[in-house]
Amino acid sequence: MPIVVDIDVMLAKRKMSVGELADRVGITPANLAVLKNGRAKAVRFTTLAALCEVLECQPGDLLHYEPEDPSDGVKAAHESGASAPVGSPPR
């Protein structure tokens, strides 16, 4: 996913634990972990706003865009018409 979540950076700057942030934002530690580890497919603006309020930051401090490397992964191979990486299941 080309959107990268940098919650760890802000947690370190604020010297705050994941559990404390989850409590103060009002989400479960499990849901915060999904977001923090880049496995989330979406984030509600209300959650993003609460994260920014608690961490005293801007949305851009938590999220940034990194283009995907087209030579990396099966998805890029399928989209470009290139061969799949070694060890990938046949198409």
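Contact here means heavy atoms within 4.5 Å, and every view below comes from a predicted model.

**View 1. The buried face of helix α1 and what packs on it.** Helix α1 runs over residues 7–14, and its buried residues are I7, M10 and L11. Look down the axis of α1 and these buried residues fall within an arc of 105°, so they line one face of the helix. They've got plenty to pack against: β1 (3–5), α2 (18–25), α3 (29–36), α4 (45–55) and α5 (59–62).

**View 2. The other side of α1, and the residue after the helix.** Swing round to the other side of α1 and you'll find A12 and K13, which are exposed. K15 follows α1, and its phi is positive, near 50°.

**View 3. Helix α2 and its buried residues.** In α2, the buried residues are L21, A22 and V25. Seen down the axis of α2, they sit within an arc of 100°, so they also line one face of their helix. Their packing partners are α1, α3 and α4. Following α2 comes G26, with a positive phi near 90°.

**View 4. T47 in helix α4.** Is T47 buried or exposed? Buried means under 20% relative accessible area, and T47 counts as buried because its relative accessibility is 17%. Setting aside neighbours within four places in sequence, T47 is in contact with V25 and I27. V25 should look familiar from View 3, being one of the buried residues of α2.

Methods. Residues are numbered from 1 along each chain as its sequence is written. This is a predicted model: local features need pLDDT of at least 70, side-chain atom pairs count only at pLDDT 80 or more; totals for chains, interfaces and linings use all residues. Side-chain values use heavy atoms; hydrogens and water are left out. Buried means under 20% relative accessible area, exposed over 50%, partly exposed in between (1.4 Å probe, protein chains only). Helices (H or I, at least four residues) and strands (E, at least two) are DSSP runs, numbered from the N terminus. The arc is that of the directions from the helix axis to the C-beta atoms.
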